[in-house]
Amino acid sequence: MVLLLFYFFCFLIVVSAFLMLLTRHILYAAFLLLLTFLGIAALYALVGADFLAVSQVVIYVGGVLVLLLFGIMLTHQPVGGQPSAAPQTESRNLWWGALTGIGFFALLAQVIYKADFTSKAWIVSAESQKRLLNNSSIPHLGANLMTHYLLPFEIIAILLLVALVGATLLASRKS
Amino acid sequence: MLSLVFFLLFIPLFALAGVYAERKVSAFIQDRLGPMEVGRYGLLQTLADIIKLLLKEDIIPSLADKRLFKLAPLIIFVAVFAGFAAIPLTPTLIGSGLQVGVFFILAIVSLDVVGIMMAGWSSNSKYPLLGAMRAVAQIISYEIPTGLAILAVVMICQTLDLQSISYQQGIWINHYQHLEADQNYLFGLKPLGIDITLVGGFLTWNIVRMPFLSIAFVIYFIASLAECNRAPFDIPEAESELIGGYHTEYSGLRWAFIMLAEYGMMLLVSFLGVILFLGSWNTPLPNLGYLALADWTSGKPDTLWGQLTSIFWLFSKTFLLIFAQMWIRWTYPRLRIDQLMYLCWKVLVPFALAIVLLCGVWRLWMV
Amino acid sequence: MFSKNLVSELSNQLNQILDSLVWVYPELVLAGWFLGILLLDLVWRNLPYRILAGITGLGLGLTAVLVYRQFVDFQPLSGNLFLGMLQLSPAAIYFKFIFLLCIACTVLLAGRSRLFRRTKPPYAEFLALLLAMGLGLHLLAMSVNLLMIYLSLEVVSLSSYILAAFHFNQKASEGSIKYLLFGAFSSGVMLYGMSLLYGFCGTLQITDNQFVTGLAQADGMAVLVAGFLAMAGLLFKISALPFHLWTPDVYQASPTAVVAFFATAPKIAGVLVLWQFSQVLGKIDFWLGNVKVEWTDLLAVLAILTIIFGNFSALWQTQAKRMLAYSAIAHAGFLLIPLVAANELGRQSLFFYLTVYVLMNFGAFWLVELMSQVADYQIKSYEGWGNAYPILGLGFLVVMIALTGLPPTAGFTAKLLIFSALWEAYQSSQNQLLLVLWVVGLLNTVVALYYYLKIPFYLFLRPLPTPPNPILTVRKLDYAWLILLIFPLIFWFFKTDWLMAMLKMLV
């Protein structure tokens, strides 16, 4: 059952990602991205990473995607009120793009195939200790954030503040 | 599963009653009578409206983006409906005992935003687009104070599990896993030494466990009004200027779905407010010596009496909150957009931040 | 919620973290000053640059004192901080000084720059972002954990994107956007590579034994590709091929002070992390089928491409800042040479090169900024000014010779050292690729001569178009800085040992 769900969500992710590439309608692409994000969240939930799954929805759907849509709608000037005048992408260098894309994909696919993650020592040992599918990951996540990953956690705070300062600065100055 | 069926039936019913209540409340506030013609005291008025809605033609503007236009109401409704999965109805009845329940509901609200945007854009018309813009800007902004207020509760309760949060606020605290050894102290302060674990009632509600959470509750309530686009934060729908905002172009069944989602959203945020701050399904009456009011008014979690009393308390508190929402809607004028943003960023967010900090300190005294 | 065992382990970890806190005082001061300047600007709007810069200088001075205390108190055992996130080493401490020097120079140069002052950018944010960047650089120099490397690199990058737009005009936005897009792309690629590396070994800490063994056991091609991807962000920072595309546009459009900073500090930090990275990956032999490939081979190819591309593109430039951008690309290639050599001499020569590189760059950009009073950034418009202001002209001459790598400057010594390190590595490994790199490097130094000396050529050998209408004001401060920046370039040529003796201690 879980395996079936896994394949279903994988299918959803891949198909929506592929359609996103094919459609020239930017908003359709954005909404297809929604499907991809949700599918990925579902995959996280399937492997027991509940917190990560919900974070994925909050950050990517609630934050990134909405911002994206907002940006498209705000900058787009409808011409003539026709739906066909919707914002579209141009496709240039189609063949070269496809070629590099497929080439890169082939390379990465080969890398992942050769990497053979399931037989890696640390993953095998983690699996044997049943550490992967625990009841909930949240208490451990919290404890780790306050110990091992304390410094990264604080640096992220600075990073976000820098981003915030920069964003307001660039937005408030008329060039 | 039971929870799913329950909510699937309950939300339309609630919308029915809600619309009627809204009309009556507004009428009484404005010293009118409200609907009186259809049925006794106009009780069947909404039913008649629903039948009219179902029979209406489903109009899709010819220049609309048809696929998205058709899809949007569904997304809005499904998103809101999915939120109910994490709501605990009784001590044992909950759709999905998620460990991340609160966080999940927050995530759901953001899905709702995407649906609204889709509706506003696909209508290909000025008012819906403007309405959608406003709705999204407002919902995203007010998610921050909401999130912070919720975070304050989570810091006090040390869990994201809504059922655990519920148990912590009453006399049945020791009946939930991981909480067997927990004690409740007056104002949550262990140094005070007043053990009220078995006293329960409103004394163990979160707003009393950590008194500053009452401010957080006010923040949450204000922000939740904005989240469901209710007056005085209804500039996205503003009938008088935007003719309904993002759902201007909708009619018939699709419009009904959007309305259903709106009322569902009201219900959802009220549920969440009750669960987080107002003792969830716990009774407000404390055990006072021989007057064991709490024991009398709430049964053991796994008994039928326990189920009935808890569902009663949860719903009465929720309906009280919904009444407050209506009351505010018909009392206050609509905010201007700059006032809206001012309130959010310069009033609610700083206060919410301060409360989060206070809660962190308070928690140190609680153990 | 947690077992007793886990709780005691947690409190143990927290104690270790508290102990580590002593070793990041400089970083704490930088972070505090960053917040402080933002708050200060919030309370008192529109403070003049002079005062804000003075306050920043105070913070930098305090940080420098604290870094010096670290240098004095340093014990090798106190290395691993924050449960393995950071590692303090003498080299890191040394380069922290250099970063502080770079920031100080940038603050002064920005204060001197007329164009910068005239456009009245928000000074407080400018200085705050510089400090945040300094924080990122400090952390980057100490990072031994992939997550920390990524995060501190992002702090540096984000600040850079904003600083690059500080002229707030069309051109600046264009440069900044290009920078942002390429930066986002390369950091995405980097994350992908890092996640693969994590998959191979189950740890993020590159100094960990598990990291090395995990990589050694994994498939050669997979590790090579993952390693290259994980390098992307660093290659972007040092503007090496194939992540160099942003360089010319950003250099041209951004304020000169900012460009001078971009050309030095982030590059140093990037090279330092690359060095750490290569130390680990260099231990592993990769087998592609039956062919043995080493990590340094990959670096050598990158170095060759970068040097050739940078130098030959610079030949056709007529704009001083653009030319310096391509020169920066070429220098990135030269900076990769010690990494390819990967021996003790390579390490010392790298540190020497980096030190000299900072001085040369700030010298060059300071002079370019001074000249921009009377000329735009076109090299042609420098005609004859060398004769009118001999000291300026002489400064240009020395800096350009140093950038080319000719005697009698420390630029020559630096190149000499890296090439001898490479030759040593070639001798011991007999790898033909190293020889190719050696030859390419030497030949390109000759090519570089042509475009670097174009500036002194115009300055001295062309007549000043009469009459010199605009007046070039050179203040005492300018002379003082130029002498401070340029004097060591000549001094260290004659007394190389003085600097080398110190760098040898940085093990």
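Me: Let's start with chain C. Of its contacts with a separation of 6 or more, what share comes from residues 24 or more positions apart?

Reply: In chain C, residues 24 or more positions apart account for 79% of those contacts. Keep in mind that this is a predicted model. You can ask the chain B version too: there, 75% of the contacts between residues at least 6 apart in sequence join residues at least 24 apart.

Me: What does the radius of gyration say about chain C?

Reply: The idea is to set the value beside what the globule rule gives for the chain length. For the 507 residues of chain C the rule gives 23 Å, and the radius of gyration is 23 Å, so chain C is as compact as a globular protein of that length. Its C-alpha trace spans about 85 × 60 × 45 Å along the principal axes. Buried residues make up 53% of the chain, and the secondary structure comes to 22 helices and four strands.

Me: And how does chain B read on that test?

Reply: A compact globule of 367 residues would have a radius of gyration near 21 Å, and chain B agrees, with 21 Å. Its C-alpha trace spans about 70 × 45 × 40 Å along the principal axes. In chain B, 49% of the residues count as buried, and there are 13 helices and two strands.

Me: Now a helix pair. At what angle do H6(C) and H7(C) cross?

Reply: With helix pairs, read the angle together with the approach of the axes. H6 (residues 123–142) and H7 (residues 146–164) of chain C have axes that come within 8 Å and cross at roughly 155°. An angle over 145 degrees counts as roughly antiparallel, and that is therefore how H6(C) and H7(C) run relative to each other. The crossing of H6(C) past H7(C) is left-handed.

Me: Which residues meet there?

Reply: From H6(C) they include Leu129(C), Ala132(C), Met133(C) and Gly136(C), and among their counterparts in H7(C) are Met148(C), Ile149(C), Ser152(C) and Val156(C). By class, this contact has 14 nonpolar, four polar and no charged residues.

Me: How should I read the contacts between chains?

Reply: The size of an interface is often given as the accessible area lost when the parts come together. Here you have residue counts to work with: 27 residues of chain A are in contact with 43 residues of chain C. On the chain A side, H4, H5, H6 and H7 each supply at least two residues, and H7(A) gives the largest share, 13 residues. That side has 20 nonpolar, four polar and three charged residues.

Me: How many residues do chain B and chain A put into their contact?

Reply: Chain B gives 22 residues and chain A gives 20. On the chain B side, H4 (101–122) and H5 (126–157) each supply at least two residues, with the largest share, 11 residues, coming from H4(B). The classes on that side are 18 nonpolar, three polar and one charged.

Me: One residue to finish: is Ile284(C) buried or partly exposed?

Reply: Count the C-beta atoms around the residue's own; 20 or more within 10 Å would make it buried. Ile284(C) has 18 others within that distance, so it is partly exposed. Ile284(C) lies in the loop between helix H12 (256–281) and strand E3 (285–288) of chain C. Beyond its neighbours within four places in sequence, Ile284(C) is in contact with Leu215(C), Ala216(C), Val223(C) and Trp295(C). Ile284(C) and Trp295(C) are 11 residues apart in sequence, and their C-alpha atoms are 7.6 Å apart.

Technical notes. Residues are numbered from 1 along each chain as its sequence is written. Chains are lettered from A and ligands numbered from 1 in the order in which they are written. This is a predicted model: local features need pLDDT of at least 70, side-chain atom pairs count only at pLDDT 80 or more; totals for chains, interfaces and linings use all residues. Axes are lines fitted to C-alpha atoms, for helices over the stretch in contact, and angles run from 0 to 180 degrees between N-to-C directions. Angles under 35 degrees count as roughly parallel, over 145 as roughly antiparallel, 65 to 115 as roughly perpendicular and the rest as oblique. A crossing is left-handed if the near helix is turned anticlockwise from the far one by less than a right angle, and right-handed if clockwise. Two residues are in contact if their C-beta atoms, placed from the backbone, lie within 7 Å. Ala, Val, Leu, Ile, Met, Phe, Trp, Tyr, Cys and Pro count as nonpolar, Asp, Glu, Lys and Arg as charged, and the others, Gly among them, as polar. The radius of gyration is taken over C-alpha atoms; the globule rule is 2.2 Å times the number of residues to the power 0.38. A residue is buried if 20 or more other C-beta atoms lie within 10 Å of its own, exposed if 12 or fewer, and partly exposed in between; C-beta atoms are placed from the backbone.
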